[in-house]
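I opened this model to look up one residue and the empty space inside the protein. My entries follow.

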Amino acid sequence: MPAADLEVQQILRARRRALSPEEVGLPARPPGRRGPRVKGLTQDEVETLTNRRGGYYSRVESGRIPLTAEYLLTLSRALRLRESEYIYIHLRVFGTEPLVPLDPDAGRCVPPVWQRAVNAQREMAYVNDRAFNIVMYNEAFAEMFPSGKPPKNAMEWMLLSDEARDHTLVDWDTAWGPLVLPQFRAALAAHPDDADLLRIQEQILADDRALRLHQRTTNSVELHPDGDRRPLRHAVRGLGQVTMIASQPLSAPGSRYMTILFDPAEVPSAA
């Protein structure tokens with residue numbers, strides 16, 4: 001952390017002083033016999049919480065040694081920083097947003113107000129959590145499926161369902177699978193302990209068709225489908241092309257709000 005970055009030092013100091021030992025699971029301090037009572041956590045107590053010694057935290061807070069991304073994550077959790085504070089410090093220190101969210105469960109819970117946004121959308125729309133579980137959708141999206149009901153998990157359906165591979169996602173082996181599977185790998189890299197993602201990975205490795213695709217796309221990198229245009233067979237509207245628009249609810253890192261624009265295939269005019 002640059003020594004001149006006083007704002008980061010002030011954020012850390014303010015959060016440290018706003019916490020009591022009892023709030024973070026440390027024993028309460030006995031009443032002091034003399035002198036002013038320490039407000040908040042001491043720097044030594046922060047070192048105990050972050051498993052550091054020798055004045056390490058003191059030097060970080062004063063800007064004498066640089067922050068590392070690993071220690072910033074540990075420190076932010078110890079000081080109960082908000083996700084926005086953590087992201088802000090990471091941006092100031094490293095120039096990028098963090099790859100690992102502060103809350104291990106971030107992206108699992110999407111605020112219910114997003115259902116209202118989905119319902120207000122005329123086009124097909126849905127929201128999935130960080131593990132691609134579909135948590136909200138509108139009627140237009142449900143109509144895309146032969147059953148009239150979306151699957152529980154978008155990634156599992158796209159990669160492993162015969163309905164998706166042989167019917168709905170036209171040209172799956174070339175237009176869908178090679179772009180979808182790298183997105184799954186990116187999500188798993190970001191959340192390697194996520195139970196749902198690990199379950200899907202096991203199914204991919206056990207499915208001959210998905211496994212061949214996995215082996216063929218090992219070096220491919222795709223983080224999101226935003227702007228992609230692909231062929232699709234709609235259960236009601238027939239064959240066409242879809243353009244995907246991806247955005248993220250900022251309060252749920254890793255989740256996605258997907259809008260799917262459908263354009264029917266052009267029918268050749270009669271001679």
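**Asparagine 153 and the cavity**

I looked up asparagine 153 first; at 3% relative accessibility it counts as buried (under 20% relative accessible area, 1.4 Å probe, protein chains only). The model is predicted, so local features need pLDDT of at least 70 and side-chain atom pairs pLDDT 80 or more, while totals for chains, interfaces and linings use all residues. Residues are numbered from 1 along each chain as its sequence is written, and side-chain values use heavy atoms, without hydrogens and water.

I placed asparagine 153 in the loop between α7 (139-142) and α8; helices are DSSP runs of H or I with at least four residues, strands runs of E with at least two, numbered from the N terminus. I found a polar atom of its side chain 3.0 Å from the backbone nitrogen of methionine 155. Leaving out residues up to four places away in sequence, I noted that asparagine 153 touches Ala131, Phe132, Asn133, Ile134 and Ile200 (heavy atoms within 4.5 Å).

Next I searched the whole structure for cavities and got one of 30 Å³ or more. A cavity is a set of points on a 1 Å grid over the protein atoms alone where a 1.4 Å probe fits but cannot get out; lining residues have an atom within 4 Å of a point. The volume of the largest cavity, the space filled by probe spheres set on the points, is about 240 Å³. Among its 24 lining residues, Tyr126, Ala154, Met158, Met244 and Ile260 are the closest to the centre. I noted that α8 gives the largest share of this lining, four residues.

How values were computed:
1 Å grid on protein atoms, 1.4 Å probe; cavity = no way out; pocket = protein on both sides within 12 Å on 5 of 7 lines; lining within 4 Å. Buried < 20%, exposed > 50% of the residue type's maximum accessible area, 1.4 Å probe, protein only. Polar contact = N/O pair within 3.5 Å; in protein donor to acceptor, adjacent residues only side chain to side chain.
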